[in-house]
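Biologist: I am new to this structure and should be grateful for a close look at a single part of it, namely the strands and whatever lies against them. Please take me through that part step by step.

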Amino acid sequence: MTRSLWKGPFIQNLILKKASSWKKNNLPSYKLIRIWSRNSVIFPSFVGLNFEVYNGKTFVPLLIKKKMVGAKFGEFVLTRKMVKHK
């Protein structure tokens, strides 16, 4: 089931504050912003920023591109290890 339109997209406030301060202070884009919220939506203002998204075990680096806008952070970070059967 999708989120209702009157609520708008979900974003954790801490992520929005970190990203806006990162852009405002002109901090280098190669530095990583650590986040734990995999269900937050990627906004257009995040394009070009580097995030580290927690997958349950480690932080996975993620560079935001224009194609990723509107998707959730968790769609690009795998939580399960692929099993190789011999």
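Modeller: A definition is needed at the outset: two strands pair if DSSP finds at least two bridges between them. It should also be said that this is a predicted model. On that basis, three strands form an open sheet in the order β1-β2-β3, with mixed pairing. Strands β1 and β3 are the edge strands, each of them pairing on one side only. Neighbouring strands of the sheet are turned against each other by 30° on average, direction ignored.

Let us take the two pairings in turn. Strand β1 comprises residues 32–35 and runs parallel to β2, to which four bridges join it. Across this pairing, Arg 34 has Glu 52 of β2 as its bridge partner. On the other side, β2 pairs with strand β3, residues 59–63, in the antiparallel sense, and five bridges connect the two. Here Phe 51 stands opposite Leu 62 of β3, and Glu 52 stands opposite Pro 61 of β3. Strands β2 and β3 make a hairpin with four residues between them, where Gly 56 takes a positive phi near 105°. Strand β2 itself, residues 50–54, is mostly covered, since four of its five residues are buried.

What packs on this sheet, and which strands does it touch? Helix α1, residues 13–24, packs there and touches β1 and β2. The direction of α1 makes about 175° with that of β1. The 12 residues of α1 should span 16 Å at 1.5 Å a residue, and the end C-alpha atoms are indeed 16 Å apart, so expectation and model agree. Ile 15, Ala 19 and Trp 22 are the buried residues of α1. These three cover an arc of only 60° around the axis, and therefore lie on the same side of α1. The buried residues of the helix pack against β1 and β2. On the other side of α1, by contrast, Asn 13, Lys 17 and Lys 24 are exposed. After the helix comes Asn 26, with a positive phi near 55°.

We may now return to Glu 52 and Arg 34. The structure holds one salt bridge, and Glu 52 forms it with Arg 34, their closest N and O atoms being 2.8 Å apart. The pair links distant parts of the chain, because Glu 52 belongs to strand β2 and Arg 34 to strand β1, 18 residues apart. Is each partner buried or exposed? The cut-off for buried is under 20% relative accessible area, while exposed means over 50%. Glu 52 has 14% relative accessibility and so counts as buried. Arg 34 has a relative accessible area of 41% and is therefore partly exposed. Glu 52 thus appears in three roles: it is the bridge partner of Arg 34, it stands opposite Pro 61, and it forms a salt bridge with Arg 34.

Technical notes: Residues numbered from 1 in each chain as written. Predicted model: local features only at pLDDT ≥ 70, side-chain atom pairs only at ≥ 80, totals over all residues. Heavy atoms only, no water. Buried < 20%, exposed > 50% of the residue type's maximum accessible area, 1.4 Å probe, protein only. Axes fitted to C-alpha atoms, helices over the stretch in contact; angles between N-to-C directions. Contact = heavy atoms within 4.5 Å. Expected span 1.5 Å × (residues − 1). Arc of directions from axis to C-beta. Salt bridge = Lys/Arg side-chain N within 4 Å of Asp/Glu carboxyl O.
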